[in-house]
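Visitor: Could we go through this structure together, beginning with the ligand?
Guide: Certainly; here it is.

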Amino acid sequence: MSTKSFNFTHAITRRPSSSVVSGLRSTERGVPNFELMEGHHLDYVNALKQAGAKVIELDPLEDFPDSVFVEDTALCLPEGAILMRPGAPSRLNEVEYIAPHLRKLYKNVFEIKGPGTIEAGDILTTEKEILIGRSSRTNIEGISELTLMLEQWNYKVTEVITPPGILHFKTDCSLLDNNTILSTERLAATGCFESYKVILTYPGEEDAANTIRYNNLVLAPKGFPKTTRRLLKSGFNVVEIGNTECAKIDGGMSCLSLRFSPKK
Ligand code: CIR
(Lines give C-alpha, C1' and ligand atoms only; values in the text may rest on other atoms or scores of the structure.)
Protein backbone atom coordinates (compact mmCIF):
# COMPACT_ATOMS: atom_id res chain seq x y z
CA MET A 1 0.00 0.00 0.00
CA SER A 2 1.28 3.45 -0.90
CA THR A 3 1.14 6.20 1.73
CA LYS A 4 1.38 9.96 1.40
CA SER A 5 3.61 10.37 4.43
CA PHE A 6 6.55 8.14 3.54
CA ASN A 7 6.16 6.76 0.01
CA PHE A 8 7.77 9.14 -2.43
CA THR A 9 9.32 9.24 -5.89
CA HIS A 10 11.50 12.36 -5.72
CA ALA A 11 13.87 14.25 -3.44
CA ILE A 12 15.66 17.59 -3.69
CA THR A 13 19.02 18.09 -1.99
CA ARG A 14 21.58 20.88 -2.13
CA ARG A 15 25.31 20.28 -1.77
CA PRO A 16 26.86 22.16 1.17
CA SER A 17 28.74 25.34 0.33
CA SER A 18 32.10 26.05 1.97
CA SER A 19 30.31 28.86 3.87
CA VAL A 20 28.43 26.14 5.79
CA VAL A 21 31.11 26.41 8.48
CA SER A 22 29.38 29.69 9.45
CA GLY A 23 25.92 28.09 9.63
CA LEU A 24 23.58 29.12 12.43
CA ARG A 25 23.93 27.17 15.67
CA SER A 26 22.23 27.25 19.05
CA THR A 27 25.29 26.14 20.99
CA GLU A 28 28.96 25.99 20.08
CA ARG A 29 29.90 22.40 19.22
CA GLY A 30 32.96 23.19 17.12
CA VAL A 31 33.46 24.21 13.50
CA PRO A 32 32.11 21.71 10.96
CA ASN A 33 34.74 19.97 8.83
CA PHE A 34 33.63 20.84 5.30
CA GLU A 35 35.27 17.90 3.49
CA LEU A 36 33.86 15.41 5.98
CA MET A 37 30.42 16.97 5.59
CA GLU A 38 30.66 16.67 1.81
CA GLY A 39 31.39 12.94 2.23
CA HIS A 40 28.42 12.48 4.56
CA HIS A 41 26.23 14.37 2.12
CA LEU A 42 27.23 12.07 -0.71
CA ASP A 43 26.38 9.03 1.45
CA TYR A 44 23.03 10.63 2.23
CA VAL A 45 22.17 11.20 -1.44
CA ASN A 46 23.21 7.64 -2.28
CA ALA A 47 20.97 6.27 0.47
CA LEU A 48 18.01 8.22 -0.92
CA LYS A 49 18.74 6.73 -4.34
CA GLN A 50 18.96 3.27 -2.76
CA ALA A 51 15.49 3.91 -1.32
CA GLY A 52 14.20 4.58 -4.82
CA ALA A 53 14.39 8.36 -5.03
CA LYS A 54 15.02 10.35 -8.18
CA VAL A 55 17.29 12.89 -6.50
CA ILE A 56 17.54 16.43 -7.87
CA GLU A 57 20.93 17.59 -6.62
CA LEU A 58 21.24 21.38 -6.54
CA ASP A 59 24.47 23.37 -6.58
CA PRO A 60 25.84 24.98 -3.43
CA LEU A 61 24.84 28.56 -2.58
CA GLU A 62 27.82 30.34 -1.07
CA ASP A 63 25.73 33.31 0.09
CA PHE A 64 23.54 31.07 2.23
CA PRO A 65 25.53 29.06 4.80
CA ASP A 66 22.47 27.04 5.88
CA SER A 67 21.12 26.35 2.39
CA VAL A 68 22.15 22.66 2.58
CA PHE A 69 19.10 22.31 4.88
CA VAL A 70 16.55 22.52 2.05
CA GLU A 71 13.76 20.98 4.11
CA ASP A 72 13.03 24.27 5.86
CA THR A 73 12.12 26.09 2.65
CA ALA A 74 9.00 24.18 1.58
CA LEU A 75 6.24 21.79 2.60
CA CYS A 76 5.71 19.23 -0.15
CA LEU A 77 2.42 17.32 -0.24
CA PRO A 78 0.85 15.16 -2.95
CA GLU A 79 -1.58 17.99 -3.85
CA GLY A 80 1.01 20.75 -4.11
CA ALA A 81 4.00 22.48 -2.57
CA ILE A 82 3.94 25.44 -0.21
CA LEU A 83 6.94 27.73 0.03
CA MET A 84 7.77 28.57 3.63
CA ARG A 85 8.82 31.87 5.17
CA PRO A 86 11.83 31.07 7.40
CA GLY A 87 12.05 32.78 10.77
CA ALA A 88 15.83 33.07 10.60
CA PRO A 89 16.48 36.33 8.66
CA SER A 90 19.64 34.91 7.05
CA ARG A 91 17.55 32.05 5.61
CA LEU A 92 14.56 34.01 4.27
CA ASN A 93 15.86 34.32 0.70
CA GLU A 94 16.81 30.65 0.38
CA VAL A 95 13.19 30.10 -0.64
CA GLU A 96 13.55 31.84 -4.00
CA TYR A 97 16.31 29.38 -4.96
CA ILE A 98 14.04 26.38 -4.33
CA ALA A 99 10.86 27.80 -5.86
CA PRO A 100 11.77 27.35 -9.56
CA HIS A 101 12.64 23.68 -9.02
CA LEU A 102 9.31 22.99 -7.34
CA ARG A 103 7.43 24.94 -10.05
CA LYS A 104 8.98 22.66 -12.67
CA LEU A 105 7.60 19.59 -10.90
CA TYR A 106 4.30 20.73 -9.40
CA LYS A 107 1.22 22.37 -10.93
CA ASN A 108 0.26 23.88 -7.56
CA VAL A 109 2.91 25.93 -5.76
CA PHE A 110 1.69 28.33 -3.07
CA GLU A 111 3.64 30.57 -0.73
CA ILE A 112 3.45 31.81 2.83
CA LYS A 113 3.32 35.58 2.37
CA GLY A 114 3.79 36.69 5.96
CA PRO A 115 4.09 38.62 8.17
CA GLY A 116 4.25 35.31 10.06
CA THR A 117 7.16 32.92 9.80
CA ILE A 118 7.28 29.15 9.48
CA GLU A 119 10.04 26.63 8.71
CA ALA A 120 9.17 23.12 7.56
CA GLY A 121 11.54 21.62 10.14
CA ASP A 122 8.64 22.31 12.51
CA ILE A 123 6.17 20.31 10.40
CA LEU A 124 5.60 16.57 10.72
CA THR A 125 3.23 15.09 8.14
CA THR A 126 1.72 11.80 9.25
CA GLU A 127 -0.92 9.69 7.58
CA LYS A 128 -3.76 11.26 9.56
CA GLU A 129 -2.70 14.84 10.28
CA ILE A 130 -0.09 17.55 9.97
CA LEU A 131 1.57 18.47 13.25
CA ILE A 132 3.09 21.96 13.42
CA GLY A 133 5.31 22.95 16.31
CA ARG A 134 5.43 26.55 17.46
CA SER A 135 9.11 27.43 17.95
CA SER A 136 11.56 30.31 17.85
CA ARG A 137 11.34 30.08 14.01
CA THR A 138 7.65 29.24 13.56
CA ASN A 139 5.06 31.57 15.03
CA ILE A 140 1.31 31.59 15.43
CA GLU A 141 0.78 33.85 12.39
CA GLY A 142 2.82 31.52 10.18
CA ILE A 143 0.91 28.50 11.45
CA SER A 144 -2.44 30.24 10.84
CA GLU A 145 -1.56 31.18 7.27
CA LEU A 146 -0.47 27.63 6.48
CA THR A 147 -3.51 26.12 8.20
CA LEU A 148 -5.87 28.20 6.04
CA MET A 149 -4.02 27.07 2.93
CA LEU A 150 -4.22 23.41 3.92
CA GLU A 151 -8.00 23.60 4.36
CA GLN A 152 -8.42 23.40 0.56
CA TRP A 153 -7.02 19.86 0.67
CA ASN A 154 -8.89 18.89 3.86
CA TYR A 155 -5.85 18.31 6.04
CA LYS A 156 -6.29 18.11 9.78
CA VAL A 157 -3.72 20.45 11.33
CA THR A 158 -2.67 20.08 14.94
CA GLU A 159 -0.63 22.81 16.58
CA VAL A 160 1.93 21.54 19.04
CA ILE A 161 4.80 23.09 20.94
CA THR A 162 8.46 22.63 20.15
CA PRO A 163 9.94 22.50 23.66
CA PRO A 164 12.17 25.47 24.58
CA GLY A 165 15.81 24.98 23.67
CA ILE A 166 14.96 22.66 20.76
CA LEU A 167 15.42 24.23 17.31
CA HIS A 168 12.63 22.53 15.37
CA PHE A 169 9.80 20.15 16.23
CA LYS A 170 11.42 17.47 14.06
CA THR A 171 14.80 17.95 15.74
CA ASP A 172 13.26 15.63 18.32
CA CYS A 173 11.02 13.29 16.34
CA SER A 174 10.37 11.54 13.05
CA LEU A 175 7.75 9.41 11.34
CA LEU A 176 8.61 5.71 11.05
CA ASP A 177 5.39 4.32 9.54
CA ASN A 178 1.62 4.96 9.34
CA ASN A 179 1.27 5.10 13.07
CA THR A 180 4.74 5.00 14.63
CA ILE A 181 6.87 7.95 15.70
CA LEU A 182 10.46 7.97 16.91
CA SER A 183 10.73 10.62 19.62
CA THR A 184 12.91 11.84 22.43
CA GLU A 185 11.47 11.37 25.89
CA ARG A 186 11.35 15.14 26.46
CA LEU A 187 9.14 15.70 23.38
CA ALA A 188 6.90 12.66 23.93
CA ALA A 189 6.35 13.90 27.51
CA THR A 190 4.45 16.91 26.10
CA GLY A 191 1.69 14.48 25.09
CA CYS A 192 1.70 15.36 21.40
CA PHE A 193 1.92 11.72 20.26
CA GLU A 194 -0.82 10.23 22.42
CA SER A 195 -2.64 8.73 19.43
CA TYR A 196 0.53 7.12 18.01
CA LYS A 197 2.79 4.24 18.86
CA VAL A 198 6.03 5.83 20.05
CA ILE A 199 9.55 4.42 20.00
CA LEU A 200 11.78 6.46 22.29
CA THR A 201 15.38 7.34 21.59
CA TYR A 202 17.71 5.72 24.10
CA PRO A 203 18.57 8.07 27.01
CA GLY A 204 21.61 10.13 26.06
CA GLU A 205 20.96 9.51 22.34
CA GLU A 206 18.51 12.38 21.77
CA ASP A 207 20.33 13.38 18.57
CA ALA A 208 19.12 10.09 17.05
CA ALA A 209 15.49 11.29 16.91
CA ASN A 210 15.71 13.01 13.55
CA THR A 211 15.56 10.27 10.92
CA ILE A 212 13.65 9.92 7.67
CA ARG A 213 11.49 7.13 6.41
CA TYR A 214 11.70 7.03 2.60
CA ASN A 215 9.84 4.08 1.08
CA ASN A 216 11.27 0.98 2.75
CA LEU A 217 14.34 2.58 4.29
CA VAL A 218 14.95 4.58 7.46
CA LEU A 219 17.94 6.91 7.12
CA ALA A 220 19.35 7.39 10.62
CA PRO A 221 22.40 9.22 11.94
CA LYS A 222 25.42 7.07 12.74
CA GLY A 223 26.71 6.97 16.32
CA PHE A 224 23.57 6.06 18.26
CA PRO A 225 23.78 2.27 18.43
CA LYS A 226 21.21 1.70 21.16
CA THR A 227 18.50 3.63 19.34
CA THR A 228 19.40 1.96 16.05
CA ARG A 229 19.05 -1.41 17.79
CA ARG A 230 15.54 -0.41 18.93
CA LEU A 231 14.61 0.42 15.33
CA LEU A 232 16.04 -2.83 13.98
CA LYS A 233 14.25 -4.83 16.68
CA SER A 234 10.99 -3.19 15.62
CA GLY A 235 11.56 -4.42 12.07
CA PHE A 236 12.74 -1.27 10.27
CA ASN A 237 15.42 -1.35 7.57
CA VAL A 238 17.97 1.17 8.79
CA VAL A 239 20.81 2.80 6.86
CA GLU A 240 23.17 4.77 9.08
CA ILE A 241 24.71 7.96 7.70
CA GLY A 242 27.45 10.06 9.31
CA ASN A 243 26.02 13.34 10.62
CA THR A 244 28.65 14.64 13.03
CA GLU A 245 29.37 17.78 10.99
CA CYS A 246 25.77 18.84 10.30
CA ALA A 247 24.95 18.17 13.95
CA LYS A 248 27.39 20.96 14.92
CA ILE A 249 24.99 23.39 13.26
CA ASP A 250 21.80 21.69 14.42
CA GLY A 251 21.12 19.76 11.21
CA GLY A 252 19.90 16.19 10.88
CA MET A 253 18.59 13.67 8.36
CA SER A 254 15.27 15.35 7.58
CA CYS A 255 16.77 18.83 7.15
CA LEU A 256 18.89 17.71 4.21
CA SER A 257 16.11 16.95 1.72
CA LEU A 258 12.64 17.66 0.41
CA ARG A 259 10.85 14.38 -0.20
CA PHE A 260 7.76 14.17 -2.36
CA SER A 261 5.80 12.75 -5.29
CA PRO A 262 5.09 15.70 -7.56
CA LYS A 263 1.81 16.23 -9.43
CA LYS A 264 1.74 18.22 -12.65
C1 CIR B 1 19.49 26.55 11.20
O2 CIR B 1 19.71 26.95 12.35
O3 CIR B 1 18.57 26.98 10.52
C4 CIR B 1 20.41 25.50 10.63
N5 CIR B 1 21.73 25.66 11.14
C6 CIR B 1 19.88 24.12 10.93
C7 CIR B 1 18.59 23.81 10.26
C8 CIR B 1 18.11 22.43 10.52
N9 CIR B 1 16.92 22.15 9.80
C10 CIR B 1 15.94 21.36 10.26
O11 CIR B 1 15.95 20.97 11.42
N12 CIR B 1 14.91 21.14 9.47
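**Ligand contacts and fold**

Guide: A nitrogen atom of the ligand lies 2.9 Å from a polar backbone atom of Leu 24, a polar contact being a pair of N or O atoms within 3.5 Å; within protein, one must be able to donate a hydrogen and the other to accept it, and residues adjacent in sequence count only if both atoms are side-chain atoms. This is a predicted model, in which local features need pLDDT of at least 70 and side-chain atom pairs count only at pLDDT 80 or more, while totals for chains, interfaces and linings use all residues. Residues are numbered from 1 along each chain as its sequence is written, and side-chain values use heavy atoms, with hydrogens and water left out.

Visitor: Which side chain has an N or O atom 2.8 Å from a nitrogen atom of the ligand?
Guide: That of Asp 72. In addition, an oxygen atom of the ligand is 2.9 Å from an N or O atom in the side chain of Arg 91.

Visitor: And how many residues surround the ligand?
Guide: There are 13, the closest being Asp 66, Asp 72, His 168, Ile 249 and Cys 255. A residue is counted if one of its heavy atoms lies within 4 Å of the molecule.

Visitor: Turning to the sheets, what is the strand order in the one with strand 15?
Guide: The order is 2-1-15, in an open sheet of three strands with mixed pairing. Its edge strands are strand 2 (54-58) and strand 15 (258-260), each pairing on one side only. The twist averages 15 degrees from one strand to the next. Strands are DSSP runs (E, at least two residues), as are helices (H or I, at least four), numbered from the N terminus; two strands pair if DSSP finds at least two bridges between them.

Visitor: How do strand 1 and strand 15 pair, parallel or antiparallel?
Guide: Strand 1 (residues 10-14) and strand 15 are antiparallel, with three bridges. Ala 11 has Arg 259 as its bridge partner in strand 15.

Visitor: Which helix packs on that sheet?
Guide: Helix 1 (residues 34-50) does, touching strand 1, strand 2 and strand 15, and its direction makes about 175 degrees with that of strand 1. Contact means heavy atoms within 4.5 Å. Angles run from 0 to 180 degrees between N-to-C directions, with axes fitted to C-alpha atoms, for helices over the stretch in contact. Helix 2 (residues 95-105) also lies across these three strands, at about 160 degrees to strand 1.

Visitor: What else does helix 2 touch?
Guide: Helix 2 packs on strand 3, strand 4 and strand 5, at about 170 degrees to strand 4. Those strands form an open sheet of order 3-4-5 with mixed pairing. Strand 3 and strand 4 (residues 80-83) are antiparallel over four bridges, and Cys 76 stands opposite Ala 81 in strand 4.

Visitor: What about strand 7, and why is it described as largely enclosed?
Guide: Four of the five residues of strand 7 (residues 130-134) are buried, so the rest of the structure largely encloses it. Buried means under 20% relative accessible area, exposed over 50%, and partly exposed in between (1.4 Å probe, protein chains only).

Visitor: Which strands does strand 7 join?
Guide: Strand 6 (residues 123-125) runs antiparallel to strand 7, with three bridges, and the two form a hairpin with four residues between them. Strand 8 (residues 157-161) runs parallel to strand 7, with five bridges. Ile 132 stands opposite Ile 123 of strand 6 and has Glu 159 as its bridge partner in strand 8.
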